[in-house]
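Work through the exercises below with the sequence and the coordinates at hand. Each task is followed by a worked solution.

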Amino acid sequence: MPEARLFLERRSYRRRRMMDAVRMLPLVCTLLWLVVPTMWPNGLQDDTQTALSSALWYLFMIWILAIAATFALWRRIRRYEGTGEAAVDTATQAAEP
Amino acid sequence: MVSLNQLIAVCLIYVAGLFLVAFLAERAALRGRGGWLLRSPLVYTLSLSIYCTAWTFYGAVGYAARSGLEYVTIYLGPSLVMIGWWWVLRRLVRIGRAQRVTSVADLISARFGKSNLLAVMITIMAVVGVTPYIALQLQSVTLSVSIFATPETGSGTAPQISDNAAFWVAAGLAVFTVLFGTRNLNANERHHGIVIAVAVEAVVKLLALMAVGAFVVWGISGGVSETVARIDASPIGTWQTSASRWTALIVVSAAAFVCLPRMFQVMVVENDDERHLQIASWAFPLYLLAISLFVVPIAVVGLELMPAGANPDLFVLTVPLSQGQSGLAMLAFLGGFSSATSMVIVATLALSTMMSNHIVMPLWLKLNPPAAQQSGDVRDVVIRARRLSILLIITLGYFYYRASGGSGALAAIGLISFGGVAQFLPALLGGIFWRGATRMGAVAGLSVGFVIWMYTMLLPSFGPGAALSAAVFEEGLFGWGMLRPQALFGITGLDPTVHAIWWSLSINALLFFVVSIFSFPTPLERLQGAQFVNVFDHSSGPARGWIASEGGAEDLMIMSQRILGAEEAQAFFSAQAAQQGRRNAPPVPTPEFVQALERELAASVGAATANAMIGQIIGGQAISVEDLMAVADESAQILEYSSRLEAKSRELTETAQELGFANEKLTQLSFQKDDFLSQISHELRTPMTSIRSFSEILRDIDGLSTAEKTRYATIIHSETIRLTRLLDDLLDLSVLENGQVSLNARQVQLHDVIERAVTTAQASSAHVLDIRRDLRTEDVMLITDADRLAQVFINLVTNAIKYCDADTPRLDIAVRREDSEVIIAFTDNGSGIPAEAQNLVFEKFARLNAAQGSGAGLGLAICREIVARLGGDIRYLSEGRGGRFEVRLSFTSSREENQRLLPV
């Protein structure tokens, strides 16, 4: 068995870092979606309250950012793999009618 | 206002349209066309939207109106799972494709040693867990129909219509699913028609909800900022979700997204390309975002506009209706209708596959063991089982709807289902990530988790006094305060949903882990475990577990025909036979072949059933030590390396042996050559010596008489003649031995040849020999080279003249025929050749008595070569008195003769 290489060329290096991002993204989202809202005052303890609209903005902004990040990562990884498909464009159109 | 009849007409037209779409898709798939659409990431992503059911369409608004932003947890969980596709889904899809998994029950049972017990457990749990969910769909469609039936009240509670509508909706859905899902038993469990119909419905429901949302935001509220102001001013205008509910609901929805049978069906089983998953990782969260975007505005506006008693679950319908937008309401109704129908179709399909594969088929096999080897199609049984399962599941949903009174909030019912199917999560994740997970652990965790879920979530949902008595709610089971269904272990104050999810999932996971580490897996479990966990290393090399005998192939063929269908099975068998390099013969049931067949069958009837069916025919699974070692990477590599070394060394030994033989042959040839050279030198030297001596005498001694000179010169002359003859003979022999001589074959009369030979031999010799012949027998026609044959005869006659030591030498030349041969025998009346020399007479330079003869001893060697070239044989026979040479020549038709002579 060949020994695992310790250092990589630039392209593979970049690709691996992209995969790191793909793995990391759900953890970041979990933190922002699951943990942060539990720290908001929920109207039971005291009188300082979070407006529903700001909570809505917060959650949906993260949602949009997460989708954008996943989309960007997918594009970059696909470019490193060098596999282009025509079907990709139709998927983009369909998911946001 | 839309009348009920109009509504029904629109529904029927819509359903007919769906039918058409599905039918066209199935036909295109059958003809191998339309792959760009049927297998596109777009359709894959849209089919995932089966997650968004009537619960989403109606229930989410009601949920938001009751509990604010909590509804969004149901969409954040799946979004997290999709964004984190790399962690779980990628692995699931790969395993599903590698193992040809048909359902979530199939996956878990296959992972834990193809255990049918686990498959049955999960199937029952899934049916029980999904029943409330189907009831939810019935309830939502019934409610929405009742809105149109009783427009004045707007409350959506018209009981007499509800009951009838629920029944007809259930019946309609059942018929639709049966017609669609079980038209044929697909070999790979993919339903292109259904998937495309689901994709169409996904678009319809998204468009409908967004249209209502847009109408509410821009049509009623008057813009985005006004809508935001309305939201903050509404009764749900502040963040009120408790941290525990928030966390628990995100976790349980994420778990349900992976474990729900219908999600597993569209995500794993119907997946065509692993890359689609990566596209869906951003496209599906986008869909979820779009569908949940307008929920809060609709809820807020609904709360504002509608009377206090109105059912918030129906705001999507009632808000447009109250504004006189019956067209929009119609669209909304269609959206809700399509969300409900697509969910029910796919869910019942997935469940019916599980039921037929894991419950009906094993039972049927057990009840009809001898029939398993009979011919006939078992697919009818499977399809009938699936149809009955569909009816059963929808009936259960209907009864749940009736039993729960049809009054609960949609979201509350949905969460009960989520909690039930989430129980699969520990076994599922443990199975694909942890090799130490065992069947015992999975059974323990699943069963206990399921019981806790039933006790704390499902049964209480019917209300106090229905399934559980009020006393049990108050004082706990058997009066134990520790066992109160909403306060287990005496811990009170938890939200009932959080309480149930927390206790069931945590105890499930804990038991799964603890029992796993203290139990020992069977070898098959370990093999499967290694395959599942290391799916990215092992996806091509299946564990081999079958030892089949030659006789099993036919039985296997009969059985496969019944499950796969005759054509498919024959195609599969001949493909496998071709792979084994056999033509027009059944494949040999090698372990690899049986494994491939099991996979193929598993795609139709599930892993556990396929395993059992093959086991019935082949008679037991054997896991050899080699298989176990093959799982352990290192040992396998060492094993393979050493076997390769063995093969190499065997090869080397063979080569060395061949080289040894060749060397021996060369040495022998070299010896022969040395022998030959020394003999030649000797032969040449003898005449040379005498030539030299006599020529010296002629040169050096003066006064020789003329007579003496003549005598010496004659000696020199005769010696040179002898030398020349020797050299001629050598040349002749070498030409013959190298096969360079060209024979001049033609038809000759044997008599002529003998005549010529006798005359020539007698003319060149001084001795007298009495030669006796029988002229009548000599009348034979031969195809041969007359000159060469005469040369042989001359040699034989000359030898007789020279060496016959009888007083009155006599030679008999006799010709006789034997079958296809002519035998010419030369028999003299001398003393013959001594026995010890008989072997040597045909060798070069073999002379019986060096002193007596004048030849070089090449004559008979040349004879033998010539006769061999002529396709015959010469041998010496000693018959008491006298020597006897026999020449055998083939006496065949002229054509064959020519052929026989040609290679010379």
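**Exercise 1.** In this predicted model, find which strands of chain B helix α34 (residues 786-803) lies across, and give its angle to β7(B).

*Solution.* Start from α34 of chain B and look for the strands beneath the contact: they are β6 (810-818), β7 (821-828) and β9 of chain B. Then compare directions: the helix runs at about 20° to β7(B).

**Exercise 2.** Determine the strand order of the sheet of 5 strands in chain B, and say whether the sheet is open or closed.

*Solution.* Following the pairing from strand to strand gives the order β4-β6-β7-β9-β8 in chain B. The sheet is open, with mixed pairing. Next, locate the edges: β4 (770-773) and β8 (873-878) of chain B each pair on one side only. Finally, the twist averages 20° from one strand to the next.

**Exercise 3.** In what sense do β8(B) and β9 (residues 883-890) of chain B pair, and over how many bridges?

*Solution.* The two strands are antiparallel, and 6 bridges join them. For a residue pair across these strands, take R875(B): its opposite number in β9(B) is E886(B).

**Exercise 4.** Describe the side of chain A that touches chain B, by helix and by residue class.

*Solution.* First count the contact: chain A gives 37 residues and chain B gives 43 residues. On chain A, at least two residues come from each of α1 (10-35), α2 (52-81) and α3 (87-95). The largest share, 13 residues, belongs to α2(A). Sorted by class, this side of chain A has 26 nonpolar, 9 polar and 2 charged residues.

Terms used: Residues are numbered from 1 along each chain as its sequence is written. Chains are lettered from A and ligands numbered from 1 in the order in which they are written. This is a predicted model: local features need pLDDT of at least 70, side-chain atom pairs count only at pLDDT 80 or more; totals for chains, interfaces and linings use all residues. Two strands pair if DSSP finds at least two bridges between them. Helices (H or I, at least four residues) and strands (E, at least two) are DSSP runs, numbered from the N terminus. Axes are lines fitted to C-alpha atoms, for helices over the stretch in contact, and angles run from 0 to 180 degrees between N-to-C directions. Two residues are in contact if their C-beta atoms, placed from the backbone, lie within 7 Å. Ala, Val, Leu, Ile, Met, Phe, Trp, Tyr, Cys and Pro count as nonpolar, Asp, Glu, Lys and Arg as charged, and the others, Gly among them, as polar.
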